[in-house]
Amino acid sequence: MIFENICECFKRKAVLFSRHAALEMEHEPFGEIYTQEVYDAVLSGECLREYRDDKPLPSCLVFGLARNRRPIHVVCGY
């Protein structure tokens, strides 16, 4: 259920990136991860695991591919 809600937020472009996420995306060892790549990965991806008791928000681990076939893992809170 968390993943479905997260996908709806991505479809509406109602997503916020934490400061930590932005820094991780910028300093990725295999090259910067762009916002559109995260959107692509989440919307085409699958939920590997939900963390319902995560703090401060329930979250899930998503794996997907960007349009350029780059594999991306994303942790999304909802």
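For the charge distribution described here, Lys and Arg are counted as positive and Asp and Glu as negative, whereas His and the chain ends are left out of the count. On this basis the protein, which is a predicted model, carries 10 positive and 12 negative charges, and the mean positions of the two groups lie 4 Å apart.

The secondary structure consists of three helices and three strands, and these elements follow one another along the sequence in the pattern α-α-α-β-β-β. The C-alpha trace spans about 30 × 25 × 20 Å along the principal axes of the protein. Because a compact globule of 78 residues would have a radius of gyration near 12 Å, the value of 12 Å found for the protein agrees with that expectation. Among the contacts with a separation of 6 or more, 46% are accounted for by residues that stand 24 or more positions apart in the sequence.

With respect to solvent accessibility, 31% of the 78 residues count as buried, and the accessible surface of the protein comes to about 5700 Å², with 55% of this area belonging to carbon and sulfur atoms. Helix H3, which comprises residues 35–44, contributes Glu37, Val38, Tyr39, Asp40, Ala41 and Val42 to the buried residues. The cover over these buried residues of H3 is drawn from both kinds of secondary structure, and includes helix H1 (2–11) and helix H2 (19–26) together with strand S2 (59–65) and strand S3 (71–77).

How values were computed
Residues are numbered from 1 along each chain as its sequence is written. This is a predicted model: local features need pLDDT of at least 70, side-chain atom pairs count only at pLDDT 80 or more; totals for chains, interfaces and linings use all residues. Side-chain values use heavy atoms; hydrogens and water are left out. Helices (H or I, at least four residues) and strands (E, at least two) are DSSP runs, numbered from the N terminus. The radius of gyration is taken over C-alpha atoms; the globule rule is 2.2 Å times the number of residues to the power 0.38. Buried means under 20% relative accessible area, exposed over 50%, partly exposed in between (1.4 Å probe, protein chains only). Contact means heavy atoms within 4.5 Å. Accessible areas come from the Shrake-Rupley method with a 1.4 Å probe; for residues, only the protein chains shown count as cover. The place of a charge is taken as NZ of Lys, CZ of Arg, CG of Asp or CD of Glu.
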